[in-house]
Amino acid sequence: MSPSDLAAPKDGSGATLANWRELPYSRWSFRNIDALIPTETIANAPDDIWSLPAAPLDLADFRVRPQGGGTLDLDGFLTATETDALVVLKDGTIAFEAYANGTTATTPHIIMSASKSITGLIAGILSERGHLQLDAEVTTLIPEVAGTAYQGATLRQMLDMRTGILIDLDAQRAYSAAAGWDPVPGDLPPTDLKAFYRSLSIKPQPHGGPFRYVSANADLLGWAIERATGTSFATLVSDLLWRPLGAEQPASITTDRHGQARATGGFSMVARDFARIGQMMLDDGCRDGRTIVPLSWIDDLWTAGDRDAWRQGEWQKLFPYRNFSYRGGWYVIHDQPKTMFAMGIHGQNLFVDPENRLVIAKLSSQGAAVDNAAWAVTHRALPEFRRCLAS
């Protein structure tokens, strides 16, 4: 029986902290996070919504071939990648839109680690305004982690995944429970994110080296941002991004039991607002000519990523591109056409292609956290979307 043959619970019955990221429960839980995990609302500005006019284009001849399989049309591609929502923008208009598995245009859906890209934008805005010093060591803002493996790590190294942190299995188990995403193991007391970082006992390693993906970096960065500004993370996102962006729906972010935001993976939003983020990135950080994210930060994302750090890192074989980097929470393809994307487990993707004026927002409930086949066919679909939507 394939994952697609499993019926999702219609009312969430059976979904728990122990299984919410597994099929069939994920099809319900990914759009009902607040029923399982504490969340904080990220307010939008209902009277100032960024209009996305619809101009549907014909994708009837869309074809993509997965590894080791037959050619898929668009419906086949969406089914094969367990797509819950897809919004494609061409020149700032909705060229294609599709929903499945109980998700609709007004249904928020968790974006998992694509959240890191949003956290990076908040860090960039604050840095450009002089409210956050990215070259500072994290212990200058969070002295509570002095003496842990984070000693000596800068905010920039955390943002670019170039710390020496290596979370072992025991630490990962404690981390997931501290964030409120997993049940607290029976051999551990109730905990929270701040307590996790204060007691982190993994072996210190040098910072500033190759790319090493560690989700805990972004959650600690979120705490540092709150400490630097004296403002809750959800409020900052609302004031600096969500309201100015003209989001059509409120977003939310999961928190631990004491209200600390899960900056690394806890954002939920509707697919159109996910796409609006991409359109803003495509438009040099602007919405209708109004700057939201400084152009200098957008340029930095495109140009300042260390390609050698990526080549020497642990994921260098994951992507088929010759020239690649990770900067400020965003993945950057330097091959032509240059493309930037945000990515989260279970199939969350946001692609930004300036040359073709194309944005693709894709939300999914793939059964595996990392599905290499689904990932590969999604990237193979990019040139096909470009071909089908070429002016």
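A residue is called buried here when under 20% of its relative accessible area is left, and that word will be needed at the first stop of this tour through a predicted model.

**First stop: strand 12**

Begin by selecting residues 348-353, which form strand 12, a mostly covered element in which six of the six residues are buried. If you show the side chains, you can sort them by direction, since Q348, L350 and V352 point one way from the strand while N349, F351 and D353 point the other way, and all of them are buried.

**Second stop: the neighbours of strand 12**

Now add strand 11, residues 339-344, which runs antiparallel to strand 12 and is joined to it by five bridges. To find one of these pairings in the viewer, select M343 together with N349, its bridge partner in strand 12. Three residues lie between the two strands of this hairpin, where H346 takes a positive phi near 65°.

Next, select residues 358-364, which make up strand 13; this strand is also antiparallel to strand 12, and five bridges join the two. Here a pairing to look for is that of L350 with A361, its bridge partner in strand 13. The hairpin of strand 12 and strand 13 has four residues between the strands, and in it R357 takes a positive phi near 50°.

**Third stop: a cavity beside strand 12**

Which residues line the second largest cavity? Select T339, F351, D353, L358, I360, L382 and R386, and you will have its lining on display. Strand 12, strand 13 and helix 12 each give two or more residues to this lining, which surrounds a volume of about 40 Å³. Two of the lining residues, F351 and D353, are already familiar from strand 12, where they point the same way as N349. By class, the lining has four nonpolar, one polar and two charged residues.

**Fourth stop: the largest cavity**

A search of the whole structure finds three cavities of 30 Å³ or more, and the largest of them has a volume of about 50 Å³. To see what encloses it, select K116, T119, M158, L159, M161, A218, L221, Y326 and G329. The elements that supply two or more of these lining residues are helix 3 (115-128), helix 4 (155-159) and helix 7. Colouring by class would show six nonpolar, two polar and one charged residues.

**Fifth stop: the largest pocket**

Turn now to the largest pocket, which holds about 820 Å³ of space. It has 37 lining residues, and to place yourself at its centre you can select S113, Y213, S215, I345 and V370, which are the closest to that point. At least two lining residues come from each of helix 5 (169-178), helix 7 (215-229), strand 11 (339-344) and helix 12 (372-388), so-called elements that you can show as ribbons around the pocket. The lining residues divide into 17 nonpolar, 13 polar and seven charged.

**Last stop: the second largest pocket**

Finally, select D170, A171, A174, F196 and S199, which lie nearest the centre of the second largest pocket, among the 13 residues that line it. Helix 5 and helix 6 (193-198) are the elements that give two or more residues to this lining, and helix 5 gives the most, with three. The pocket has a volume of about 230 Å³, and its lining has eight nonpolar, three polar and two charged residues.

Technical notes: Residues are numbered from 1 along each chain as its sequence is written. This is a predicted model: local features need pLDDT of at least 70, side-chain atom pairs count only at pLDDT 80 or more; totals for chains, interfaces and linings use all residues. Side-chain values use heavy atoms; hydrogens and water are left out. On a 1 Å grid over the protein atoms alone, a cavity is a set of points where a 1.4 Å probe fits but cannot get out, and a pocket is an open set with protein on both sides within 12 Å along at least five of seven lines; lining residues have an atom within 4 Å of a point. Grid points are joined across faces, edges and corners, and a volume is the space filled by probe spheres set on the points. Ala, Val, Leu, Ile, Met, Phe, Trp, Tyr, Cys and Pro count as nonpolar, Asp, Glu, Lys and Arg as charged, and the others, Gly among them, as polar. Buried means under 20% relative accessible area, exposed over 50%, partly exposed in between (1.4 Å probe, protein chains only). Two strands pair if DSSP finds at least two bridges between them.
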